[in-house]
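Thanks for coming, everyone. Please look at the screen, and I will walk you through it.

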Amino acid sequence: MPNTHNDKKRKRPLSADDQLAPAVAPHVIHWLEKRKKKVPDALSADQQNQMQIEQILRLLALKERERRALVRYVEKCIDEEMNGGPKKVELQDSDGEYDIKSTAAASHHHKQQELWPADVMFSNNYDWESSVPADLKEKYCPSNKIRQRTNYFSRNVYFKRITDKDHPAYGEFGLYCALAHAKPGQWLLDYVGRVTLGEDQNKKSDYVSDFGEHSELACDANVWGNEARFLNDFRNTGQYPNVEFNFRRDKNGEFRQGVYVKEVKEAKEKGFDGIKQDEELLVSYGKSYWRSRVDGGDLTEFVWRLPNQPMPPGGKPN
């Protein structure tokens, strides 16, 4: 699950070998201040910005989830500076399809409902935990404007069990394109879940995505959400990611996390022109997601099949 990742200009994650650029230290300090965390004197005194990211992480002694959130936030800030500022979050009503009731929509809904996990509450609306401060919730979910979406499955996508034994998620669910052609940049659906403060997230859940303009919240689709929870990571599938997460606001001002077809300029696949019907939707969970789940955090052996590469001799590792 998911967080909000953009790979513009082949952006790579910060590593221990990266020297902090002049703009990085202020981003780290801003992130700490937003969370009312103490800024170490050593960081404030680093006027020449010589400290490396790993040094800063050790200096801060953050929890694993906070470490990942900080790195993602700094990556996002640097990416925005390189590409002329943040993406514009526009008021839009691209999710009106949830409210369309027709014979075709009802049939699709019934078929998907039969597959839906019994231990997960299906919803197209965010479930806000009471522990989230009222003013913070109001910022993202205006109480006097919010509208409740019908709990119909999206007609843009569908989910099913993966039957390809070479797929890294064999036996699990995958999310697929239901449209004849989903064009680059097209909105498909929103990633929905239970919203909590970042520090309150369920650390055992595999369905958590950062939420909020400063990643101060977490959105968890473990027990509450819609079919976007079945998005798989592209690693070891032999494919490139073809969708990405982008924040948006609907026409009433509600903050939502949309799943969009990658833009041509951001797609790594040569000649990418969108997604065809029945193609699996694949996203990048981000290296930080996998590092926290792989022994030692080394992804060298974890990634055994690269995009556009055939299955290695001997097939999928056990």
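I will go through the cores, one sheet, the salt bridges, the aromatic rings and a few single residues. One caution at the start: this is a predicted model.

Let's begin with the inside. In soluble globular proteins, nonpolar side chains tend to be buried together. Which residues have the most contacts inside the largest nonpolar core here? They are Trp128, Phe211, Leu217 and Leu281. That core has 46 residues. There is also a second, separate core, with 17 residues. Leu32, Leu43, Leu62 and Tyr73 are among them.

Now find Trp128. Set aside its neighbours within four places in sequence. What is Trp128 in contact with then? The list is Lys137, Tyr140, Cys141, Val195, Phe211 and Leu217. Two of those names, Phe211 and Leu217, you have just heard as core residues.

Next, the sheet. Strands of a sheet pair through backbone hydrogen bonds, either parallel or antiparallel. Here 4 strands form an open sheet, and the pairing is mixed. The order is S3-S8-S10-S9. Which strands sit at the edges? Strand S3, residues 127–128, and strand S9, residues 208–211, are the edge strands. Each of them pairs on one side only. Look at S8 and S10 next. Strand S8 covers residues 194–197, and strand S10 covers residues 217–220. These two pair in the antiparallel sense, over 4 bridges. To see it on screen, pick Arg194: Asp220 in S10 stands opposite.

On to charges. How many salt bridges does the count come to? The count is 12. I will show three.

The first example joins the side chains of Lys139 and Glu213, at 3.5 Å from N to O. Lys139 lies in helix H6, while Glu213 is in the loop between S9 and S10, so this pair ties together parts that are 74 residues apart in sequence. Are these two buried or exposed? Lys139 is partly exposed, with a relative accessible area of 33%. Glu213 is partly exposed too, at 34%.

The next example joins Arg248 and Asp190, at 2.6 Å from N to O. This pair also links distant parts of the chain. Arg248 is in strand S13, residues 243–250, and Asp190 is in strand S7, residues 187–191. They are 58 residues apart. Both Arg248 and Asp190 are buried. They also belong to something bigger than a pair: Arg149, Asp190, Arg248, Asp250, Glu254 and Arg256 are linked in a network of salt bridges.

The last example joins the side chains of Glu244 and Lys262, at 3.5 Å from N to O. Glu244 lies in strand S13, and Lys262 lies in the loop between strand S14 (255–261) and strand S15 (275–276), so the pair ties together parts 18 residues apart in sequence. Why do we call Glu244 buried? Because its relative accessibility is 2%, and buried means under 20%. Lys262 counts as buried as well, at 3%.

Now the rings. The structure holds 17 aromatic pairs. One of them is Phe173 with Phe230, a tilted pair. The distance is 4.8 Å centre to centre, with 50 degrees between the planes. Phe173 lies in strand S5, and Phe230 is in the loop between S11 and S12, so the pair ties together parts that are 57 residues apart in sequence. Both Phe173 and Phe230 are buried. Zoom out a little, and you find one aromatic cluster, formed by Trp116, Phe122, Phe153, Phe159, Phe173 and Phe230.

Three single residues to finish. Where is Ser154? Ser154 sits in the loop between helix H6 (134–140) and strand S4 (157–161). Ser154 is buried, with a relative accessible area of 0%. The side chain of Ser154 reaches the backbone nitrogen of Asn156 at 3.0 Å.

The other two concern the backbone. Most residues other than glycine have a negative phi. Asp278 is not a glycine, yet its phi is positive, about 75 degrees. Asp278 is found in the loop between S15 and strand S16 (282–283), and is partly exposed, at 48%. Asn308 is not a glycine either, and has a positive phi of about 65 degrees. Asn308 comes in the segment after helix H7 (287–291). Asn308 is exposed, with a relative accessible area of 56%.

That's my tour. Over to you for questions.

Notes. Residues are numbered from 1 along each chain as its sequence is written. This is a predicted model: local features need pLDDT of at least 70, side-chain atom pairs count only at pLDDT 80 or more; totals for chains, interfaces and linings use all residues. Side-chain values use heavy atoms; hydrogens and water are left out. A nonpolar core is a set of buried Ala, Val, Leu, Ile, Met, Phe, Trp, Tyr and Cys residues joined through side-chain atoms within 4.5 Å. Buried means under 20% relative accessible area, exposed over 50%, partly exposed in between (1.4 Å probe, protein chains only). Contact means heavy atoms within 4.5 Å. A polar contact is a pair of N or O atoms within 3.5 Å; within protein, one must be able to donate a hydrogen and the other to accept it, and residues adjacent in sequence count only if both atoms are side-chain atoms. Two strands pair if DSSP finds at least two bridges between them. A salt bridge is a side-chain nitrogen of Lys or Arg within 4 Å of a carboxyl oxygen of Asp or Glu. Rings of Phe, Tyr and Trp (its six-membered ring) pair if their centres lie within 6.5 Å; planes under 30 degrees apart count as stacked, over 60 as edge-to-face and the rest as tilted.
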